[in-house]
Amino acid sequence: MNNNDYYSKLGGLPPQTELLSSKAVFTTAYAVIPRSVMTDIVTSVLPHWTGTRAWVLSRPLSGFSETFSQYVMEVQPGGGSDRPEPEKRAEAVLFVVEGEMIVELDGNSHALRAGSFAYLPAGSVWRLKNGGSTAAKFHWIRKAFQEVEGLEPPPAIVTHEDQHPISAMPDTDGRWGTTRFIDPADVRYDMHVNIVTLEPGAVIPFMETHVMEHGLYVLEGKAVYRLNKDWVEVEAGDFMWLRSFCPQACYAGGPGRFRYLLYKDVNRHMTLW
């Protein structure tokens, strides 16, 4: 039974009395898009989708994060798409945070609910439909797949968080762990989307500085996150976007646990041109 919380309260408009101050920031090393920014006026409507709107959280930008794009999708009852993906090279991860929907993948139907995860290989033929009575919301992460000569393409994955126990990080007494939907040793995949969980008081105790780009969407709780030279308070519904080599660390102050959906590019040589 899934007892996890997945933040999904997007949309609406702030009142005219709201102050303009915000923790929204865009720097040369990172960006923070707080949940207060994700209002009705910043949504996008996509071709070949009906009853659907999207909050675009990231897109490749020259000189910044360049490997991925991430949306939060809201599909109303009866909505969806028979032609969701316009790019043949694009692989995708779907992670459901609210409601239910059906994904038809290469002729097979899969019922997805909050906590469901789907990896859709590049070139997949897939469709999505909300046949329920309430809106469905999910994260859609898109990346151009990097083929490797002599390496077979990765297969599709459709699963649920309930089927993946948290793997504790070494020497943390289980206070910091990762839910992995893709085997980290399987080099057929060139992207991972995980859930990171920190219990109250847990820390990432060093300044991670690495080549992987990140998208971090806070699913639950709050924490103080170190981004480059700044400490930033984040909470459920906030999104962080980190370019390669941006130093990062975290302190989960509580009172509840802190969880985020994490994208990173992996398992490929660096392009030299």
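**Why these labels? A chat about a predicted model**

Me: How do you know that the count of disulfides comes to zero?
Reply: Happy to walk through it; keep in mind that this model is predicted. A disulfide needs two cysteine sulfur atoms within 2.5 Å. The sulfur of Cys-246 has its closest cysteine sulfur in Cys-250, 13 Å away, which is too far for a bond. Cys-250 is likewise in no disulfide, with the sulfur of Cys-246 as its nearest at 13 Å. By this rule, then, the count is zero disulfides.

Me: What makes Cys-246 and Cys-250 buried or exposed?
Reply: The cut-off for buried is under 20% relative accessible area. Cys-246 has 3% relative accessibility, so Cys-246 counts as buried. Cys-250 has 2%, so Cys-250 counts as buried too. Across the chain, buried residues make up 48% of the 273 residues.

Me: Why is Asp-173 called buried, exposed or partly exposed?
Reply: Exposed begins over 50%, and Asp-173 is at 79% relative accessibility, so Asp-173 counts as exposed. Asp-173 sits in the loop between β12 and β13 (176–180). Its phi is near 55°, a positive value in a residue other than glycine.

Me: And what makes Asn-267 partly exposed?
Reply: Partly exposed lies between the 20% and 50% cut-offs. Asn-267 has a relative accessible area of 30%, so partly exposed is the label. Asn-267 lies in the segment after β21, and has a positive phi of about 65° although it is not a glycine.

Me: Why is the chain called as compact as a globular protein of its length?
Reply: The globule rule gives 19 Å for 273 residues, and the radius of gyration is 18 Å, close to that value, so the description fits. The chain has zero helices and 21 strands.

Me: How do you know that β16 and β21 pair?
Reply: Pairing takes at least two bridges. Strand β16 (residues 214–220) and strand β21 (residues 258–265) have six bridges, in the antiparallel sense. One of the bridge partners in β21 is Lys-264, opposite His-214.

Me: What makes β1 and β12 edge strands?
Reply: Each pairs on one side only: β1 (25–26) and β12 (167–168). The open sheet has eight strands, in the order β1-β2-β19-β16-β21-β14-β13-β12, with antiparallel pairing.

Me: Which residues does the cis peptide bond join?
Reply: Gly-254 and Pro-255, with omega about 10°. Pro-255 is in the loop between β20 (248–251) and β21.

Key: Residues are numbered from 1 along each chain as its sequence is written. This is a predicted model: local features need pLDDT of at least 70, side-chain atom pairs count only at pLDDT 80 or more; totals for chains, interfaces and linings use all residues. Side-chain values use heavy atoms; hydrogens and water are left out. Buried means under 20% relative accessible area, exposed over 50%, partly exposed in between (1.4 Å probe, protein chains only). Helices (H or I, at least four residues) and strands (E, at least two) are DSSP runs, numbered from the N terminus. The radius of gyration is taken over C-alpha atoms; the globule rule is 2.2 Å times the number of residues to the power 0.38.
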